Amino acid sequence: MATTSEDVWRLLAELATAQAELTAAQKETDRQQKETERRQQETDRQLRELGQQIGGLGAKFGSFTEGLALPSMETILRQRFGMEVISPSVRVTKDGQHLEIDVLAYTNGELNTAYIVEVKSHAREESITQLKSILQRFRRFFSEHKDKKLYGILAAVDLYPELREKILQEGFYVARIHDQVFELDIPDNFQPRPY
């Protein structure tokens, strides 16, 4: 079968049509890809914004919990432990290092003792590590208290029993909320560990 010039022109026309359709399809694919990228960027932006809002909400809830704990912890620190100075939300920077303490309480004189209170809405294993770190670093930031006996209290709204036991084993006092007031939750024979 011989190919005529009409066949060649018809094939070229079909090829040109197929090429035009392919180009149009590629343009549509590119447009869809750009739209997908734009949507992804918008989704990423919304997720970042949501993350910031959740972080802000978490900080506000933490501040709320600390504010809720302060009056009852102040009563415990004054009446049970004889603390004279009670300072909420202590932040210190020294030599480029930072330390944040939810509540710092101390007294000089005969007792010469300080307490660090870490307040958590939901206590976790990391809460123990965090309190230990604060206690271990405390004297570096507060050399004026270097001769004081130093104790830790973990105050939590939500705390499961196994974690309570771990906290007590570390020698930290445990305070839990009961009837909207924080109370110490320690056994009668509890011996705190000074730092």
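Select Ser 87 and Leu 104 to begin the tour of this predicted model. Leu 104, in strand 2, is the bridge partner of Ser 87. Extend the selection to residues 85-94 and 97-107, which are strand 1 and strand 2; the two run antiparallel and are joined by nine bridges.

**The hairpin turn**

Move next to Asp 95, in the loop between strand 1 and strand 2. The hairpin has two residues between its strands. What is notable about the backbone of Asp 95? Its phi is positive, about 55°, although the residue is not a glycine. Most residues other than glycine have a negative phi. The side of the turn at Asp 95 is open to view: the residue counts as exposed, at 76% relative accessibility.

A second site of this kind is Asn 112, which also is not a glycine and has a positive phi of about 45°. Select it in the loop between strand 2 and strand 3, the latter spanning 113-122. Asn 112 counts as partly exposed, with 23% relative accessibility.

**The whole chain**

Now zoom out and colour by secondary structure. The chain contains three helices and six strands, and their order from the N terminus is α-β-β-β-α-β-α-β-β. Of the 195 residues, 31% are buried. The chain exposes about 12900 Å², of which carbon and sulfur atoms supply 51%. Among contacts between residues at least 6 apart in sequence, 52% join residues at least 24 apart.

**Strands 3 and 4**

Select strand 3 and strand 4 together. They pair in the parallel sense over nine bridges. For a point of reference along this pairing, display Val 117, which stands opposite Ile 153 in strand 4. Strand 4 is mostly covered, with seven of its 10 residues buried.

Within strand 4, centre the view on Leu 150. Is this residue buried or exposed? At 0% relative accessibility, it counts as buried. Leaving aside residues up to four places away in sequence, Leu 150 touches Ala 114, Ile 116, Leu 135, Phe 138, Arg 139, Arg 193, Pro 194 and Tyr 195. A distance label can be drawn from here to Pro 192: the C-alpha atoms of Leu 150 and Pro 192 are 9.9 Å apart, with their positions 42 residues apart along the chain.

**Helix 3**

Go on to helix 3, residues 161-169, and show the side chains of Leu 163, Arg 164, Ile 167 and Leu 168, its buried residues. Viewed down the helix axis, these fall within an arc of 140°, so they line one face of the helix. Rotate to the face turned away from the buried side to find the exposed residues Glu 162 and Gln 169. What covers the buried residues of helix 3? The cover includes helix 2 (125-141), strand 4 (149-158) and strand 5 (173-178). Beyond the helix, select Gly 171, which follows helix 3 and has a positive phi near 90°.

**Salt bridges**

The whole structure holds 13 salt bridges. Display Glu 170 and Lys 132: they form one of them, with the closest N and O atoms 3.0 Å apart. Glu 170 lies in the loop between helix 3 and strand 5, and Lys 132 lies in helix 2, so the pair ties together parts that are 38 residues apart in sequence. Glu 170 is partly exposed, with a relative accessible area of 21%, and Lys 132 counts as partly exposed at 25%.

Keep Glu 170 on screen and add Arg 193. These two also form a salt bridge, the closest N and O atoms being 3.8 Å apart. Arg 193 is in the segment after strand 6 (181-184), so its pairing with Glu 170, in the loop between helix 3 and strand 5, ties together parts 23 residues apart in sequence. Arg 193 is partly exposed, with a relative accessible area of 37%. Elsewhere, select Arg 164, Glu 165, Arg 176 and Asp 185, which salt bridges with shared partners join into one network.

**Helix 1**

End on helix 1, residues 5-80, where Val 8 is found. Val 8, Trp 9, Leu 12 and Leu 15 form a nonpolar surface patch with about 430 Å² of accessible area together. Val 8 is partly exposed, at 39% relative accessible area.

Finally, select Arg 31 and Glu 28, both in helix 1 and three residues apart, about one turn of the helix. They form a salt bridge with the closest N and O atoms 2.7 Å apart. Arg 31 counts as partly exposed at 48% relative accessibility, as does Glu 28 at 32%.

How values were computed
Residues are numbered from 1 along each chain as its sequence is written. This is a predicted model: local features need pLDDT of at least 70, side-chain atom pairs count only at pLDDT 80 or more; totals for chains, interfaces and linings use all residues. Side-chain values use heavy atoms; hydrogens and water are left out. Two strands pair if DSSP finds at least two bridges between them. Helices (H or I, at least four residues) and strands (E, at least two) are DSSP runs, numbered from the N terminus. Buried means under 20% relative accessible area, exposed over 50%, partly exposed in between (1.4 Å probe, protein chains only). Contact means heavy atoms within 4.5 Å. Accessible areas come from the Shrake-Rupley method with a 1.4 Å probe; for residues, only the protein chains shown count as cover. The arc is that of the directions from the helix axis to the C-beta atoms. Patches are made of residues with over 30% relative accessible area and no salt bridge: like charges are joined within 9 Å, nonpolar side chains (Val, Leu, Ile, Met, Phe, Trp, Tyr) within 5 Å. A salt bridge is a side-chain nitrogen of Lys or Arg within 4 Å of a carboxyl oxygen of Asp or Glu.
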